[in-house]
Amino acid sequence: MSGEAKTMESRTIKIAILGLGNIGAGTVEILRRNGGLIEQRLGVPFELVRAADLDPARAKKLELLPGVFTTDAKAVVEDPSVQVVVELIGGIEPARSLILAAMENGKHVVTANKALLSAHWEELVTKAEEKRVSLGFEGSVAGGIPLIHTIRRGLVANRIQRVTGIINGTCNYILTRMARDRKPFAEILLDAQAHGFAEADPALDVEGIDAAQKLAILVDLCFGLSLAPGAITRCGITAVTPLDLAMAEELGYRMKLLCSAASERGEVEAWVHPALVPISHPLASVDGVFNAIYLEDDNVGPSLYLGRGAGALPTGSAVVADLVSAARDILSGAVSRMPASGARIRSQERGHLRGAGDSRSEFYLRVTVLDRPGVLSAVTGVLGRHGISIASVIQRGRGDGQEEAVPILVVTHEASFAEMTAAMADVDALSVVKKGSFLARIIPGTEDP
Ligand code: HSE
C-alpha cells in the first residue's frame, strides 16, 4: 500500500476496513502485494487510513501504521477523511448500522456480507441510491469469480433466463470427497472444518443457507425480484450418502448442491437442492472448493464462470475490484454511476415467486426398506397413486433373509416438487420403510454446442 508511506499532500483514495479477519487480512495483503500495479491501473494509490476490529491482535499481525487501528468502528464511519468503507465484519449487526451510517456520511461502501445483503437488500440499495454512493458487493457471491460485475456490466444488454450454479465451496468439497473416498458425510465435514473451509457454524453451509443467501442476491440482480432467503426452497446435503454419489455416477450423473433460479413470464422459480447433474453438463466436473455459475440469457445463450468461491485472497480480489470501481467514480467525479441494484428504474412489474411445489423436474429418490417380498410394489404403488411415473428402479444389496434394511433407488419422469414431497411423506409412513427417504432433483443436460 504505497499510500501508507506517502505524504498527506499526495492524492490518494482513503479507505477504511471494518473487520480484520480472514478476508480483511486478504484484502490488506493484495493492496500491499499488488499496490504498485493497482496504482498504475487506477492512477493513484489507496491509503488505508483506518482499520477497526475488536481484537487488537489481528491488527498487530498485519503491522498497520501507527494511528490506523482502532477498536471503535463507529468512529471510523464518522471519520471525515475516509472516502470508502469496507465492511468485512459479517453478520447482521453491527454491520448493518455501520454501513448505513457510512452511507449517511457520504462514504462509498464495499461489503462481502451475503447474510446482510440478502436480509436487508431493499434498505441498503435504497440508502445507497438516496445518498448517491456506490455499494460494491462482488465478494458476497462466489468469492473471486467476478460474477456481479459480469451481470451488471458485461451482460447488461441481455435478459437472463436462468442461473444454475455451485455457490457453496464447502458443500462441493464435501460431496467431491465423499464420492472419491466413499466416506460418510460426518467424517468429511470434519475434514472440511480442519481445512478451514466451512463457516464458523457449518449448518450455514451444509443446510444450504449460505447458498440461499447468495441466490437471493442473484435473483434480485438477474430478475429484479427481491426475495428473503427464507422464501427460497432449500434442502442441504446432510442426508447424502456415499451410495447416492456412487449411484449418481452409475446413472451418468454427478451429485452437486445446486442453486437454480429461472424467470418465465414474470414467474420466478428459485431453489437450493442436491441435484444430479448429467456428466456432460459443464457443472458436473466442477470439483472441490470451486464454485461455478452457468448463466443462460437471450443474446449470449449459455456462459460459464468458474473459480474459487471463498478464501482470503479470492474474496480479497473481489473486494479490491469494488474498491477500484468506487475509486474510479471518485476520481472522475461521477456520482453513483452504477446503481446498487443494477437498475436505475426499478421495474414496477418485478414478477412473483412461483410456489415451491410447482417446480417440475425428474427426481432421484432413495428409500430404505425391509428386504421383504412385496415391499417394492408398496413403494412404487404410493408413487403411482400420486401420479408419479417411474423411469427406473434399482434395488441394491440383499439381506440375509432376516429382513435387513436395503436401499431402493427410484428415478422418476418429470413430476412436480409438490407431488414428490407428498408421495415421500406417504412412502415414509409405510411400516416397511426404515428411515426417512432422500430426494434429489435431476437437471437436464445442455444443448450440444
Ligand atoms: N462457506 C462459504 C462456502 C464461504 O463454502 O462457499 C464463502 O461464502
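Start at Lys214: an N or O atom in its side chain sits 2.8 Å from an oxygen atom of the ligand. Keep in mind that this is a predicted model. Lys114 does something similar, with a side-chain N or O atom 2.6 Å from a ligand oxygen. Gly169 joins in through its backbone, where a polar atom is 2.8 Å from an oxygen of the ligand. As for how much of the ligand gets covered, the protein takes 89% of the 260 Å² of accessible area that the ligand has on its own.

Now look around the rest of the pocket. Besides Lys114, Gly169 and Lys214, the ligand is surrounded by Asn168, Thr170, Glu199, Asp205, Asp210, Gly309 and Ala310. Sorted by class, that shell comes out at 5 charged, 4 polar and 1 nonpolar residues. Two helices, H9 (169-181) and H12 (209-223), each chip in at least two of the shell residues.

Next, swing over to helix H2, residues 35-42, whose buried residues are Gly35, Ile38 and Leu42. Why do they end up on the same side of H2? They cover an arc of only 65° around the axis, so they share one side of the helix. What do these buried residues pack against? Their partners are helix H1 (22-33), strand E2 (46-52) and helix H14 (312-332). Flip to the face of H2 turned away from that buried side and you'll find the exposed residues Gln40 and Arg41. Step just past the end of H2 and you hit Gly43, which takes a positive phi of about 105°.

How values were computed
Residues are numbered from 1 along each chain as its sequence is written. This is a predicted model: local features need pLDDT of at least 70, side-chain atom pairs count only at pLDDT 80 or more; totals for chains, interfaces and linings use all residues. Side-chain values use heavy atoms; hydrogens and water are left out. A residue is near a molecule or strand if one of its heavy atoms lies within 4 Å of it. A polar contact is a pair of N or O atoms within 3.5 Å; within protein, one must be able to donate a hydrogen and the other to accept it, and residues adjacent in sequence count only if both atoms are side-chain atoms. Accessible areas come from the Shrake-Rupley method with a 1.4 Å probe; for residues, only the protein chains shown count as cover. Helices (H or I, at least four residues) and strands (E, at least two) are DSSP runs, numbered from the N terminus. Ala, Val, Leu, Ile, Met, Phe, Trp, Tyr, Cys and Pro count as nonpolar, Asp, Glu, Lys and Arg as charged, and the others, Gly among them, as polar. Buried means under 20% relative accessible area, exposed over 50%, partly exposed in between (1.4 Å probe, protein chains only). The arc is that of the directions from the helix axis to the C-beta atoms. Contact means heavy atoms within 4.5 Å.
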